[in-house]
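Dear colleague,

I am handing over the structure we spoke about, and below it you will find an account of what turned up in it. Please read the text with the coordinates open beside you.

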Amino acid sequence: MKSIEIEEKLLNLINELSDDLYALELLVFFSRHPHTRFNRAAVLRAVGNRPYDTAVALKRLIEKEIVVTVSYTHLTLPTK
């Protein structure tokens with residue numbers, strides 16, 4: 001991908017989300033922590049804004065596949 005294409009896609013994304021400050025704040029958070037593996041509650045706490053509005057923005061980013069989620073359904077915990 002050429003840098004011009006990436007810049008255009010980024011500009012389109014920012015324009016699309018310009019009315020949602022919580023989504024933009026989440027984008028800044030994830031740009032600072034690109035390989036984060038926080039759960040939803042940890043992300044909302046780390047951003048530290050109004051939890052409901054931030055949760056709606058996070059859901060919007062997930063639906064647009066900007067934020068990718070991973071579900072661990074077969075989690076093995078250590079035992080004694």
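Helices here are DSSP runs of at least four residues, numbered from the N terminus, and by that count aspartate 20 lies in the loop between helix H1 (3–16) and H2. Please keep in mind throughout that this is a predicted model.

As for the overall fold, the protein has four helices and zero strands, which gives the pattern α-α-α-α when it is read along the sequence. Of the 80 residues in the protein, 21% are buried. Among the contacts with a separation of 6 or more, 51% are accounted for by residues 24 or more positions apart.

To return to the loop, aspartate 20 has a relative accessible area of 12%, and because buried means under 20%, this residue counts as buried. The side chain of aspartate 20 reaches the backbone nitrogen of alanine 23 at a distance of 3.2 Å. Leaving aside residues up to four places away in sequence, aspartate 20 touches Ala57 and Arg60. Alanine 23 also appears in a second relation, since its C-alpha is 8.6 Å from that of valine 56, although the two residues are 33 apart in sequence. Valine 56 belongs to helix H4 and, with a relative accessibility of 43%, counts as partly exposed.

Threonine 54 is placed in helix H4 as well, which covers residues 51–63. With a relative accessibility of 1%, threonine 54 counts as buried, whereas valine 56 is partly exposed. When residues up to four places away in sequence are not counted, threonine 54 touches Tyr22, Leu26, Leu44, Val47 and Asn49.

Next comes the packing of two helices. Helix H2 (residues 21–32) and helix H3 (residues 40–47) pack at an angle of about 105°, and their axes are 11 Å apart. Because angles of 65 to 115 degrees count as roughly perpendicular, that description applies to H2 with respect to H3. On the side of H2 the contact is made by Glu25, Leu26, Phe29 and Phe30, while H3 contributes Val43, Ala46 and Val47. By residue class, this contact of H2 with H3 divides into six nonpolar, no polar and one charged. Two of these residues, Leu26 and Val47, are also among those that threonine 54 touches.

Finally, which residues form the aromatic cluster? Phe29, Phe30 and Phe38 form one such cluster, and a search of the whole structure finds two aromatic pairs. In one pair, phenylalanine 29 and phenylalanine 30 are edge-to-face, at 5.2 Å centre to centre and with 75° between the planes. In the other, phenylalanine 29 and phenylalanine 38 are tilted, at 6.1 Å centre to centre and with 35° between the planes. The two pairs are named differently because planes over 60 degrees apart count as edge-to-face and those under 30 as stacked, with the rest counted as tilted. Phenylalanine 29 and phenylalanine 30 are both buried, with a relative accessibility of 11% for phenylalanine 29. Phenylalanine 38, by contrast, is partly exposed, with a relative accessible area of 46%.

With kind regards

Key: Residues are numbered from 1 along each chain as its sequence is written. This is a predicted model: local features need pLDDT of at least 70, side-chain atom pairs count only at pLDDT 80 or more; totals for chains, interfaces and linings use all residues. Side-chain values use heavy atoms; hydrogens and water are left out. Rings of Phe, Tyr and Trp (its six-membered ring) pair if their centres lie within 6.5 Å; planes under 30 degrees apart count as stacked, over 60 as edge-to-face and the rest as tilted. Buried means under 20% relative accessible area, exposed over 50%, partly exposed in between (1.4 Å probe, protein chains only). Contact means heavy atoms within 4.5 Å. Axes are lines fitted to C-alpha atoms, for helices over the stretch in contact, and angles run from 0 to 180 degrees between N-to-C directions. Angles under 35 degrees count as roughly parallel, over 145 as roughly antiparallel, 65 to 115 as roughly perpendicular and the rest as oblique. Ala, Val, Leu, Ile, Met, Phe, Trp, Tyr, Cys and Pro count as nonpolar, Asp, Glu, Lys and Arg as charged, and the others, Gly among them, as polar. A polar contact is a pair of N or O atoms within 3.5 Å; within protein, one must be able to donate a hydrogen and the other to accept it, and residues adjacent in sequence count only if both atoms are side-chain atoms.
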